[in-house]
Structure formats: C-alpha cells, structure tokens
Amino acid sequence: MQSWPTPHVAAVAGIPRPLQLYDTADQHVHAVDVTPNANGEVGMYVCGITPYDSTHLGHAATYLTFDLVHRQLLANGHKVHYVQNVTDVDDPLFERADRDGVDWRELGRSQIALFRSDMEELSVIPPRDFIGAMEAVDEVAAMVQTLLDNGSAYRLDQGDVYASIHATKQFGYESNYDRATMEKFFAERGGDPDREGKQDTLDALVWRGPRKGEPAWQTKIGPGRPGWHVECSAIATNRLGHTFAIQGGGSDLAFPHHEFSAAHAEAAYAEPRMAGHYVHSGMIALNGVKMSKSLGNLVFVHKLTAQGHSAAAIRLAVFAGHYREDRDFSYRGLEAAEQRLARWQERLAQPVTEAEALANVNELRTALADDLDTPRALRVLDMARGDHDNILVNAIDGLLGVRVFA
C-alpha cells in the first residue's frame, strides 16, 4: 500500500540523550532498547486506522506521539524501521458502508487517501511499510496455521479459528488488567464472549470463515479473512522480526488489541515478549468530552487546515499536554498555540551566541528524552532569547516536527 511523502527532517545539533518511555507492561519509565536488529535497525510498529471515517484529532494525536518517538531515535543516530497497518477489511468498515449505501472498498480507499494527506500535512514521517490487511491475508493465514499446528489455536464451526489465552504463560502481562476488567473491555471492544464452543470466553478470533455477503479469501487454511489482532501480529513480526523495540497505539488498544497481538506472536514463535516497550497515548476530548464517532464531536485535521490553522500550530496544541494524559482540545488552545508560535518567530529571529543556542537544544533534547515531556520542552523554548545560525530552529523542526518559519 502506498504511504505518503517523507517530510524534510532537519539535522539536530547538540548531545544525544537516550530515549526513555513509559512501558505499559512494566508500568514505569525506562530506556528503550535500541540494540539494532539483524538489519542494523530499531523496530517500531504502530497500529493504524480502520478506514471508515476521516482522521480526527484523536487519531492524529496518536500518530504525532509516535512521530516524536521516531524523531528522537533518528536524532540519536539510529536507523528506524517503522511499520504501520491499515485494517481495510473489518466489520466496522462494512457497517459504515452499508449505512451510507457505498461500497466498502471505495469507502476504505477514500478514507485512506484522506489519512495520507492529513499525515503529509502534519509532517509525520511515514512508515517504511504501510500494509493493508488485504495485502497480508496469506501471511496471517500462515501464522494461524502455525498456531493450529502447535496447539495454540482451535477450529470451530463455520470455518472460524480461535486462539487460546492459555497458549502462553504470560497472557495479561501487557495490559496488567485483572480478569473482570479484561472481560469488560473484551465485550466492549470487538470481542465475542458469548460465541458458542469457545474454550474460554476471552479466546480471540484469529480467522473468520466465509459468511454470506462478506469478503473471503482462499488460503491454505481454507476460505475466510483475518481476525483483527492477529493481523497486526503477522504484519509486525514478518517485517521487524519476532521481537522488536516498540509496539504503539492509543490507550484504548492496550486491551484487547495489543494484549492479543503480543500473545499470538509469542505463542507462534515461543518468545517471552513481542515488544520491548508497549507505549500508549491518551485520549483526546473536545471541551471536556471524549471525542468519539458515536457522540459526533470529532475535530478533523483537514477541516482545521482548511480553516487556515497551520500544521505547526496543530502540533503545538497537541504537544501542550503530555502524550500519556487524556487531554482536552479546544479552539482556545489552538489559538494559544498560534500565539506561542508567533512569539517564537519573533524571538528566534534575534541573534544569540552559538553556546546559548546549543544549550537550549540540549535542554530540549533532555526534556523529550524523558518520556516525551513536551510541556517541559515547550517551556524551554518559551524561554529561549534567540538563535544562532538556525541551530535551535532546526532542532525544533527535527525533534518536534514544528517549522517555526514556514
């Protein structure tokens, strides 16, 4: 699947600071393991969109978080292999297409195109591999076959295949939720606890057999289509290896999606842990109310830019809060970001010594290396008195993706 163009990423001066991130599994901040894989790269996988609605600011905030991660790693001299999926075949997509009276494939294509343009507008560095579920059907089927062969999965009627939560000893380590919480979220977030014949109510669907009116593919395990969680397991591990540095997404993906994605990969390859870090960004609210499609209170990136708001200001508005917090978006906050950008433009046009500019760059690096502390980073820049030969301006571009002077 076609990604979007790579933005110019300015070189960053100063002293590299090892990136530390909060890990949901370990429940504390610790250094990202940047030991290069066999290809000399650090692997990062971030769950992508299900393309049944436009990119709203909640989506954008998640991808801006991992764009920051990507930029810190690059600025520290690491090669990064970034992979992202698109769940371009799934029940929510079919339901929205049926509601709107359009073909689900066309709906998906249109929303993926809009997502690409939004990410390009926001100067998000694209994934090297941008993979749709339909592209990955055969590799998902191969992983499901592995799970069947080693006893980690079992077949039910209608051609369905489920993976057992007891296939790995460590199931539950990623989210750290108790059984009651798992059951609650499993039911709310796409699970099917009442499916007859399952060995455990939490067992997850990894292959859906053919149904009338639904797409299906002929594979070595029979006709059907991928389950949601195993889709990411297969796409990630086939490109990054059985283990890699970072698995990322919104906090609502910690369970069941990331828990099961990890469990499927670990059961297939007998690995103790799929990712070194499980990193989750908080939810975005509009004027105190969580953004959601059901409430109809979404703020769309393309509408903000059409209204004349710059990508730099949108990024600064998002970065005003810490990525792990559930935080609020408001037009007042966007106006404050625009005013902040104007102050930076005025101040950074003033000359200072090279030493002072480098000192500010190093403070900026230190703030962002500490679990992406963007509020602290913005305060550092608010105090900057000027720049020297664009040293600080380039660092703001390279590390934050914010172009001070468009």
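These are my notes on one arginine and two cysteines in a predicted model.

**R195**

I started by asking where R195 sits. R195 is in the loop that runs between α5 (179–188) and β8 (204–208).

Next I wanted to know: is R195 buried or exposed? R195 comes out as buried, because its relative accessibility is 18% and the cut-off for buried is under 20%.

Then I went through what the side chain of R195 touches. I found a polar contact to the side chain of D157 at 3.1 Å. I also found one to the side chain of Y162, at 3.5 Å.

I then pulled the contacts of R195, skipping its neighbours within four places in sequence. The list reads L156, D157, Q158, D160, Y162 and R211. D157 and Y162, my two polar partners, are both on that list.

**C47 and C232**

I switched to the cysteines and asked how many disulfides there are. The count is zero.

I checked C47 to see why. Its closest cysteine sulfur belongs to C232 and lies 3.8 Å away, so that is too far for a bond. The cut-off I needed here is 2.5 Å between the sulfur atoms. Looking from the other side, C232 is in no disulfide either, and its nearest cysteine sulfur is that of C47, at 3.8 Å.

Last, I looked up burial for the pair. C47 is buried, at 4% relative accessibility. C232 is buried as well, with a relative accessible area of 2%.

Note on methods:
Residues are numbered from 1 along each chain as its sequence is written. This is a predicted model: local features need pLDDT of at least 70, side-chain atom pairs count only at pLDDT 80 or more; totals for chains, interfaces and linings use all residues. Side-chain values use heavy atoms; hydrogens and water are left out. Helices (H or I, at least four residues) and strands (E, at least two) are DSSP runs, numbered from the N terminus. Buried means under 20% relative accessible area, exposed over 50%, partly exposed in between (1.4 Å probe, protein chains only). A polar contact is a pair of N or O atoms within 3.5 Å; within protein, one must be able to donate a hydrogen and the other to accept it, and residues adjacent in sequence count only if both atoms are side-chain atoms. Contact means heavy atoms within 4.5 Å.
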